[in-house]
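Okay, thanks for making room for me today. Let me put the structure up and then we'll talk through the cysteines and the core.

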Amino acid sequence: MLQPALSMEANIAFNKHVNRKHMRRYKCPNSGCSRAFALQADLVRHNRTVYRSRGNHGHARPKTTLA
């Protein structure tokens, strides 16, 4: 079945939605963790909550390097 053509604004909104919600570009760098996130903020929250507050529950602690 063919989809109807979208207006330019609808197409931009749809692409933004797909990129923000479905494309998992940010992968957790810790070995043994297969999590990936659409937003960098979600990866930052994952690292903060999983690795710092709960300690080492099956994951290695992330190495922090300061520039």
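**Two cysteines, no bond**

So, C33: its sulfur has its closest cysteine sulfur in C28, 3.6 Å away, and that's too far for a bond. A disulfide here is a pair of cysteine sulfur atoms within 2.5 Å, and by that rule the count is 0.

Quick caveats, as this is a predicted model: local features need pLDDT of at least 70, side-chain atom pairs count only at pLDDT 80 or more, and totals for chains, interfaces and linings use all residues. Residues are numbered from 1 along each chain as its sequence is written, and side-chain values use heavy atoms, with hydrogens and water left out.

Are those two cysteines buried or exposed? Buried means under 20% relative accessible area, exposed over 50%, partly exposed in between, with a 1.4 Å probe and protein chains only. C28 is buried at 8%, and C33 is buried too, at 11%.

They also sit in the largest nonpolar core, along with F37, L43, V50 and Y51, which makes 6 residues. Helix α2, residues 40-53, gives the most to this core, with 3 residues. By a nonpolar core I mean buried Ala, Val, Leu, Ile, Met, Phe, Trp, Tyr and Cys residues joined through side-chain atoms within 4.5 Å.

Now the fold. The chain has 2 helices and 2 strands, in the order α-β-β-α along the sequence. Those are DSSP runs, numbered from the N terminus: helices are H or I with at least four residues, strands E with at least two.

Last one: of the 67 residues in the chain, 21% are buried.
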